[in-house]
Each structure stands twice: as C-alpha cells, then as structure tokens.
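Reader: I'm in my first year and still learning how to read a protein model. Could you pick one part of this one, take a close look at it with me, and then show me how the rest connects to it?

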Amino acid sequence: MAQTLAELSQSIFATLGLTGTTNSLALDENEGERECLLLVDGLGKNAIDEFGSKIKILRELKYERTLSATFPSTTATSLTSLGTGLAPGEHGMVGYTMRVPHSGTPERVLNALKWDERVDPYIFQPNETLFERANKEGIRTSHIAAKRYADTGFTRAALRGGIYIGANGIEELADGARAALQVPKSFAYVYVNDVDEASHGAGFGSEKFIAALEKVNRLIEQLLSSLPKGTRLSVTSDHGMVNRGDYLVVGKENELLKDVRLMAGEPRVRYLYVDEDKCDEVKSRWQNRLGELATVLTREEAIRRGLFGPTSESVLERIGDLVVIAEGNFVLVEMERETQQCAMVGHHGGTTKAECEIPLLTYKI
C-alpha cells in the first residue's frame, strides 16, 4: 500500500522515541532530536517536476522519496492522517465534505475545513493525535500556521495537542518554528497554503502559482538560516493539482440526482447517499451518463480496493453509498455552487498521479 502522511508523521515521531509509532519510511536517526515538518498545501510532485527551478533552495535539500496523498486526495483527509498517524478509514475524516450520520432529516453535510459547531470535533474524530501522545511522553510539539486556524473545528479534530503559534508571514513562520525547537525532543509542524490558493484561483502553472512557489522558496531559505542546529527540516505536501477540463453540473438538465438523498465530497470525488434498494439503479444511471469520465463504486467496492485503508464500522456511514471518482481533469459541479466551483481552475481529490504524488525532501541543519 502507498505510504502517506500517516506513515511520514509516525516515522518522524518514531525517531523522537514516541511509543507505539513505527519508522516505516526508515528515516535516519537525528541526534539533534529536533524535527521541523513544513507542509506546503498543494505542492504536488508535479509542481517540483515542472516548476522546481522556481524553488531554487530545493536543490540543497535531499529528495527522500515520493509519498501518496490519501483518498480522497484532499486537505482535510491528508492532514488528519498526518495529525493522527491513521488511515482515513480509521480517523473518519473521509472528505472535504461528508455526511454527519444521525443528524436529522435530511442529514447534514459537514464541511471539514469550515466545520459546524453542532458537531463536536473531539467526538467526530476521537482518536488521540500524535501531538497529544507526544506531549504525554515529554516531546514538545508545536503547530505554526495562520492565526485564523488556531481554534477551528478542523484544527481541534485533526491536529489538536500542539502549542499553537499563530503566524501570518514568512518572518513570523520562521520565528515561530525557531522558538518551538529551542529544546531537544521537539517537533514543529509548519503549514502554508499559498500554492493551494493560487492553484484553485488562477490555475496550476499560472503567474500566481509561480509567485506562490517563490514565496515557498523564501520561507525555506528563512527556515534553513534560522532553525537551531540539530534540526531536521522535512518538506512535503498534502496533494497535487490538476487544472479543470470538461465539467458537468450535477442535476442541471439531467436526472443524476434522482433517488439521491444527499450528495457530498468535492468536484473530483462525489459521495452519493441513497436508499439501499436504489443503489444499483443510481450506480447504473451515473455510470451510463458519465462513461469513461468517471468511475462509480459502491462503498463496499471502494473499501475492498483499499481506498480508505482499514475502515472502522463507525466511519462507514460517512462514506457515500456510492463513490464517484472523476477521471482525467473532469469535474462534477454542484448546481447550487455552479458559479463558485466553475470559477476554480485547479482541483484535487481524485486518484490521478498529478493529484496523488507528493514529495518528501529533507535537510539536516
């Protein structure tokens, strides 16, 4: 099975001696016992392959290996795997949006990044994070990211436990990481989303995308010059990007929403919640309409393929009865969000190499 951010975070914490973690990536031991993980949202391997010259500082880093995004290849799912060291089917954050089971009639859809305060993040994602586990064993953990993410439902669900250091610019991010790593047995997680935002808004490879890469270059330079001696810097991402090609507005002049009680997911992966006796009929309708543009699986077929990894009973009802995976650069747009979703140039969530292959680079200071 492909190695994801779950294996990366477990491996890093294993080198710090955290009980119950496995160094499955065989990372070198770091005598300095200081680990800084920079996650650049949206920086797929394809970005480095095609535009790596814009991040000149990467030449000084060692390309360790290519990892895989989770399924779906989306921020909420990948970052929860990073925070917990678990597969999506275990931690239950199975998409950008997903059904909240037993939440009324009709049941609600939770947007994992915007959250819904009616949903308790500690119940929805009850597994201890690696941050929480590390703190109990005397490993100092910190989370350095924009101030607006400090107390969101998603942060509390997926990444709770670390000392949160709000930082809104390159200097603040580097200073926060430096301060977090002043003592041995410490881990600093740094998150930036400029590349992701530029890709969504203007497209992979656009001028805004290039400007975002240049900002990443400056941040890495700053980290290398300011982090304490004995720090290992690791640079990775949560997913890559594809630019939108053809699209279909679901429910607009078609019958795709017939017998569908609820639709969630995102344009590259859709979850359909349907009555059991209608599942085969809806599956046939979607597959016949979409043909080679998408793969339509039942929940059971998706789980058998290992898309979610080991899957807990408590997670099953969050996954769609049907899972629709867009192929190529095709996207499935919600009718009520047509303007917003069609305006997005870059997308992710699917299973293409561009979306799933993510880099891991390291540098020992």
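**A close look at strand β1 and its surroundings**

Author: Let's begin with Ala26: its relative accessibility is 58%, so it counts as exposed, since the cut-off for that is over 50%. Keep in mind that this is a predicted model. Ala26 sits in the loop between α1 (5-15) and β1. What is the sign of its phi? Phi of Ala26 is positive, about 55°, although the residue is not a glycine.

Further along the chain you meet Glu33, which belongs to the loop between α1 and β1 as well. Glu33 is also a residue other than glycine with a positive phi, in this case near 55°. How exposed is Glu33? Its relative accessible area is 26%, so Glu33 is called partly exposed.

Now step into the strand. Glu35 is part of β1. Is Glu35 buried or exposed? Its relative accessibility is 1%, and because anything under 20% is called buried, Glu35 is buried. Cys36 has a relative accessibility of 1% too, so it goes down as buried.

What does Glu35 touch? Leaving out residues up to four places away in sequence, its contacts are Ile12, Thr15, Leu16, Asn30, Leu181, Ser186, Phe187, Ala188 and Arg232. Take Leu16 from that list: it is 19 residues from Glu35 along the chain, and their C-alpha atoms are separated by 8.3 Å. Asn30 deserves a second look as well, since the side chains of Glu35 and Asn30 make a polar contact at 3.3 Å.

From β1 you can move on to helix α9 (residues 194-202). Which parts of the chain do the buried residues of α9 pack against? They pack against β1 (34-40), along with α10 (207-226), α13 (338-343) and β16 (346-347). The buried residues themselves are Val195, Asp196, Ala198, Ser199 and His200. Here's a handy bit of background: an α-helix has 3.6 residues a turn, so residues three or four places apart point the same way. After α9 comes Gly203, with a positive phi near 110°.

Next, follow α10 to another of its neighbours, helix α8 (residues 170-180). How do the two helices meet? Their axes come within 9 Å and cross at roughly 35°, and the crossing is right-handed. On the α8 side, the contact is made by Ile170, Glu171, Leu173, Ala174, Ala177 and Arg178. On the α10 side, the residues are Lys215, Arg218, Leu219, Gln222, Leu223 and Ser226. What kinds of residue are these? The contact of α8 with α10 divides into six nonpolar, two polar and four charged residues.

Let's compare that with a spot elsewhere, around helix α11 (residues 279-290). Arg285 lies in this helix. You might wonder whether an arginine sits inside or outside, so here is the number: Arg285 has 17% relative accessibility and therefore counts as buried. What does the side chain of Arg285 reach? It reaches the backbone oxygen of Lys258, at 3.1 Å. Not counting residues up to four places away in sequence, Arg285 touches Glu255, Leu256, Lys258 and Asp259. Cys279 is buried as well, because its relative accessible area is 12%.

The loop between β12 (269-274) and α11 holds Glu276. Glu276 has 77% relative accessibility, so it counts as exposed. How far is Glu276 from Ser237? They are 39 residues apart along the chain, and their C-alpha atoms are separated by 37 Å.

You've now met two cysteines, so how many disulfides does the model have? The count comes to zero, where a disulfide would need a pair of cysteine sulfur atoms within 2.5 Å.

One last stop: the backbone at two prolines. Which form does the peptide bond from Phe71 to Pro72 take? That bond is cis, with omega near -10°, and Pro72 lies in the loop between β2 (62-68) and α3 (75-84). The peptide bond from Thr105 to Pro106 is cis as well, with omega near -5°. Look for Pro106 in the loop between β3 (97-99) and β4 (109-111).

Note on methods:
Residues are numbered from 1 along each chain as its sequence is written. This is a predicted model: local features need pLDDT of at least 70, side-chain atom pairs count only at pLDDT 80 or more; totals for chains, interfaces and linings use all residues. Side-chain values use heavy atoms; hydrogens and water are left out. Helices (H or I, at least four residues) and strands (E, at least two) are DSSP runs, numbered from the N terminus. Buried means under 20% relative accessible area, exposed over 50%, partly exposed in between (1.4 Å probe, protein chains only). A polar contact is a pair of N or O atoms within 3.5 Å; within protein, one must be able to donate a hydrogen and the other to accept it, and residues adjacent in sequence count only if both atoms are side-chain atoms. Contact means heavy atoms within 4.5 Å. Axes are lines fitted to C-alpha atoms, for helices over the stretch in contact, and angles run from 0 to 180 degrees between N-to-C directions. A crossing is left-handed if the near helix is turned anticlockwise from the far one by less than a right angle, and right-handed if clockwise. Ala, Val, Leu, Ile, Met, Phe, Trp, Tyr, Cys and Pro count as nonpolar, Asp, Glu, Lys and Arg as charged, and the others, Gly among them, as polar.
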